[in-house]
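Trainee: Before we discuss this chain, could we look at it together and settle the terms as we go?

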Amino acid sequence: MSSSTRKSSRKSQEEKPRPEKRDIKNSDRWIFLMKNEIITCNEEGLKPTLCKLRHPRLKTGVMYLLSADCTSVYELTAFKEKFRSWFIGNSVLSNGQMYITTPLDPLFLILPYIINSGETNRFMTLEQIVLDEEFPDSHKLVTCCNPEQLQLVSDCKEIDDDLKVFKFNKEKTLSWLKKKTEAVAEALEMKKIPVSSGSSHCSIFIPSGNAEICKDSYMIFAHGILSEYLSLDLEAELKTFIGLNTTNEMPSPTSVTDEPPNKKQKLTTVVAPLEDYTQGKDLKKDKSKTSKVSAAQKRLDKVDKTGMKSMLSFFSPKSTK
């Protein structure tokens, strides 16, 4: 082969397109588990958006998902395992994390702003109430609540058809939160979710049809769930308003059936009988009466044993002279 043909073949090999390398570690893709209506675009072609909003309890920024029409808010819960990846088409997403969307009442996110505006003791519009320079996306919450929802936690005055102002009302807020707590407790009781002491913030619910739990236990459990979206002061006020006593341990189930038996505890003290039942009885005599002799033993007793040595004599130590 001539040198010119070798050069041309090398050139053709170098000119072949190589597969494009993709950086899958720094990919800007996430996996969401949500309903179809959440990702549906509105008439203007807008899509659901991720927004960082202030958490009502932590007071820090947390990512939430807003629907395309900005009327619904969804909480994001991350599910991640150590060894997990996603196969998407012809690529691999090394980050195996999955986000689960859960609908959230937007009034929980607006309530801290309404409480803060109540310190001024003035009626204000919702646009003036929900104003946060640290989290500018908070203004999108204005369209998530209608005036009827806002009246559950505030007083409302209608200036004209297009202008309504609001002011915080603590009694309305506590009544609304009490109804929320009762609704959660009723749902837990209907699904027979077992609640136990110290499990008010449990994240995994396992139904059990055997345990009978009192209603107060469900109320305490439901109060713990709602407290994750309330400030510490409002949590304490709600507990007093409902009349819950969470200082003691949560009541245990009244009756439990088909449960594994508890292990027997070892007794630390020796229990002795109060009376001696062996007095006045000959134990040897009683034992001889109760013991049974076999047929072989009876025949052996009839044999003449004179001049016979015992088997133990063969194993006894020899006497030294």
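Mentor: Let us take a contact to mean heavy atoms within 4.5 Å. The model is a predicted one, in which local features need pLDDT of at least 70, side-chain atom pairs count only at pLDDT 80 or more, and totals for chains, interfaces and linings use all residues. Residues are numbered from 1 along each chain as its sequence is written, and side-chain values use heavy atoms, with hydrogens and water left out.

Trainee: What percentage of the contacts with a separation of 6 or more comes from residues 24 or more positions apart?

Mentor: The contacts considered are those in the chain with a separation of 6 or more. Among these, the share of residues 24 or more positions apart is 59%.

Trainee: In what order do the five strands of the open sheet stand?

Mentor: Strands here are DSSP runs (E, at least two residues), numbered from the N terminus, and two of them pair if DSSP finds at least two bridges between them. The pairing in this open sheet is mixed. Strands E1 (31–33) and E2 (49–54) stand at the edges, each with a single partner strand, so one side of each lacks a neighbour in the sheet. The order is E1-E7-E4-E3-E2.

Trainee: Which residue in E4 is the bridge partner of Tyr 64?

Mentor: Strand E3 (residues 61–66) and strand E4 (residues 73–79) run antiparallel and are joined by three bridges. In E4, the partner of Tyr 64 is Glu 75.

Trainee: How many helices are there in the chain?

Mentor: Helices are DSSP runs too (H or I, at least four residues). Alongside nine strands, the chain has helices numbering 10.
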